[in-house]
Amino acid sequence: MAIVLGAIADDFTGATDLANNLVRAGMRCVQAIGVPTAETDIGDVDAVVVALKTRSCPSGEAVKESLAALEWLQARGARQIFFKYCSTFDSTDAGNIGPVADALLERLRATQTERLGGTQTVMVPAFPANGRTVYQGHLFVGDRLLNESGMEHHPLNPMTDADLVRFLGRQTPHAVGLAARPVLARGVDVTRAHLRSLAEQGVRHVICDTLDEDDLAVLAEALVDYPLVTGGSGLGQALPEQYRRRGWLDEVSEPGRLSPAAGGALVLSGSCSRATLGQVDHFLEHHPGFALDPLALAEDDSHLTEAMAFAREQLADGAPVLVYASAEPERVREAQAALGVERAGEQVEQAMGQLARTLVDEGVGRLVVAGGETSGAVVSALGIRQLRIGGQIDPGVPWTQAPWPGREAPLSLALKSGNFGAEDFFTRAFTVLEELTAEEGSA
Ligand SMILES: Nc1ncnc2c1ncn2[C@@H]1O[C@H](COP(=O)(O)OP(=O)(O)O)[C@@H](O)[C@H]1O
Ligand SMILES: O=C(O)[C@@H](O)C(=O)COP(=O)(O)O
């Protein structure tokens, strides 16, 4: 059966975030890891989110992989394509949001110019449930502008400009415009007319203001016929209702119940975001943890061996254990100065991948990973191809499951976006998993 929505996410946590919102809004959705093959059986679903690791790679690579995902989704009959990136617009002057959006639109344009939005796309990064809003084209995280939110210290893509019209303008040769709040406040017809008039003026990308769920509902209705929409998972919350109104979806599907979870509980954290740093501190007040040092990792294998031994010992005691590289900006800068930005990140990501692979093989069955790039490294090292989405721990972060060869219980995985989750996330996640997987009537 044809799918309604085909999404291409530029990182793995972002993909689960979008899949979570689609499931919560009543769509049957799976998350594919990487571009599936022609033979992949995705089952009977309404939406597929293809998770790529293209946020920080060279833009040519990001474009190539995104187009491959588009081709696969089009072959499944997707009516609308959604390019999912971070609600904090994570990217650099070199890309990858502009280049990927341009390439997807070009490819879709070849067949769909006549359709509403056939020559234009929109940028809707907001996720009001998690405090990400956009006003007059400026992105806010809570009550701070993006460039004062802590994101200015991001290890890979420091966000130093909150003006998205200006910022995106550096990533694309095409005109960037704005659909500002006063336009949205006048309703769907005025918003559509505004978008059309921008298209007539040659504006290809429209940054959309969004303060709340009502704005998302207006945008979803105005954009439901666009071949390509782009943004954060907030828009994903609002689109399914529009698909139902169009008759593309029959019903509101209930999320399926996750299978009982088993095995050791491990947290791997490579995010250096403010929220994650608080979550690491909170976890360490209650449970043991091991701090990975990228400089020591770069020297020889002994640091990783030590981390592995530490984790094994704690897991044998039945305690949840944390291994983290998460560090304050000053320490990240030191590691980057010594190793280079790319190599510092790679050291950590490779170590996280090896820890996950070995410890899951040895019996870990419940795994929380913090950070998008980190999750990409871990899930790739585990060789997982598809994730089933379960209930959420905090907005944007669901528990997911994948079958694990040779074991009755699947591997339970929570991929946490760097900046998401309450302070007690790393401890509470395991309690939530128990609740989500308890037999009916025993929870
Ligand atoms: N102590 C550290 N020094 C340098 N780089 C680090 C350190 N800890 C983590 N990193 C790297 O920083 C990046 C964090 O990105 P990511 O995992 O996507 O987190 P977030 O979701 O917060 O963006 C990863 O590439 C990770 O390997
Ligand atoms: O939209 C969001 O904020 C998230 O879904 C997301 O993409 C997070 O990325 P990381 O913070 O890099 O995990």
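In what follows, Ala, Val, Leu, Ile, Met, Phe, Trp, Tyr, Cys and Pro count as nonpolar, Asp, Glu, Lys and Arg as charged, and the others, Gly among them, as polar. With those classes in hand, the shell around ligand 2 has two nonpolar, 12 polar and two charged residues. Please keep in mind that the model you are looking at is predicted.

## Two domains and their contact

Let us start with the overall layout. The domain assignment divides the protein into domain 1 (5–245) and domain 2 (264–437). Their centres, taken over C-alpha atoms, are separated by 27 Å. Where they meet, 26 residues of domain 1 are in contact with 28 residues of domain 2. On the side of domain 1 that touches domain 2, the elements giving two or more residues are α1 and β2 (29–33). The most comes from α1, with eight residues. By class, this side of domain 1 has 11 nonpolar, 11 polar and four charged residues.

## The two ligands

Now for the ligands. Ligand 2 is surrounded by 16 residues, and the closest are Gly14, Asp17, Gly372, Ser417 and Gly418. Helix α1 (residues 12–24) provides the largest share of this shell, three residues. Where does ligand 2 lie with respect to domain 1 and domain 2? Both domains give residues to its shell, so ligand 2 lies between them.

Ligand 1 has 26 residues around it, of which Ser271, Gly345, Val348, Gly371 and Gly418 come nearest. At least two residues of its shell come from each of α12 (329–339), α13 (341–361) and α14 (372–382). Domain 1 and domain 2 each contribute at least three residues to the shell around ligand 1. Sorted by class, that shell has 10 nonpolar, 13 polar and three charged residues.

Gly418 appears among the closest residues to ligand 2, and also among those nearest to ligand 1.

## Helix α1

Helix α1 has already come up at the domain contact and at ligand 2, and it deserves a visit of its own. With 13 residues at 1.5 Å a residue, α1 should span 18 Å, and its end C-alpha atoms are 18 Å apart, which agrees. Is α1 largely enclosed or open to the outside? Because 12 of its 13 residues are buried, α1 is largely enclosed by the rest of the structure. The buried residues are Phe12, Thr13, Gly14, Ala15, Thr16, Asp17, Leu18, Ala19, Asn20, Asn21, Leu22 and Val23. Two of these names, Gly14 and Asp17, are also among the closest residues to ligand 2. After α1 comes Gly26, whose phi is positive, near 95°.

## Helix α2

Helix α2 (residues 59–75) has 17 residues and reaches 24 Å from its first C-alpha to its last, close to the 24 Å expected. Its buried residues are Ser59, Ala62, Val63, Glu65, Ser66, Ala69, Leu70, Trp72 and Leu73. As a general point, an α-helix has 3.6 residues a turn, so residues three or four places apart point the same way. The cover over the buried residues of α2 includes β1 (5–9), β3 (47–51), β4 (80–84) and α3 (97–112). Like α1, helix α2 is followed by a glycine with a positive phi: here Gly77, near 80°, and there Gly26.

## Strand β4 and its partners

Strand β4, part of the cover of α2, is itself worth a look. Five of its five residues are buried, so β4 is largely enclosed by the rest of the structure. Gln80, Phe82 and Lys84 point one way from β4, while Ile81 and Phe83 point the other way. That fits the general rule that in a regular strand the side chains alternate between the two faces of the sheet. One partner of β4 is β1, where Ala9 stands opposite Lys84 in β4. Another is β11 (residues 228–231), where Phe83 stands opposite Thr230.

## A three-stranded sheet

Elsewhere, an open sheet of three strands runs in the order β6-β7-β8 with antiparallel pairing. Its edge strands are β6 (132–135) and β8 (144–145), each pairing on one side only. Within the pairing of β6 and β7 (residues 138–141), Arg132 stands opposite Val141 in β7.

The strand pairs mentioned above are gathered here:

| Strand pair | Sense | Bridges |
|---|---|---|
| β1 and β4 | parallel | five bridges |
| β4 and β11 | parallel | four bridges |
| β6 and β7 | antiparallel | four bridges |

How values were computed:
Residues are numbered from 1 along each chain as its sequence is written. Chains are lettered from A and ligands numbered from 1 in the order in which they are written. This is a predicted model: local features need pLDDT of at least 70, side-chain atom pairs count only at pLDDT 80 or more; totals for chains, interfaces and linings use all residues. The expected span of a helix is 1.5 Å times one less than its number of residues. A residue is buried if 20 or more other C-beta atoms lie within 10 Å of its own, exposed if 12 or fewer, and partly exposed in between; C-beta atoms are placed from the backbone. Two residues are in contact if their C-beta atoms, placed from the backbone, lie within 7 Å. Two strands pair if DSSP finds at least two bridges between them. A residue is near a molecule or strand if its C-beta atom, placed from the backbone, lies within 6 Å of it. Domain bounds come from an automatic or database domain assignment.
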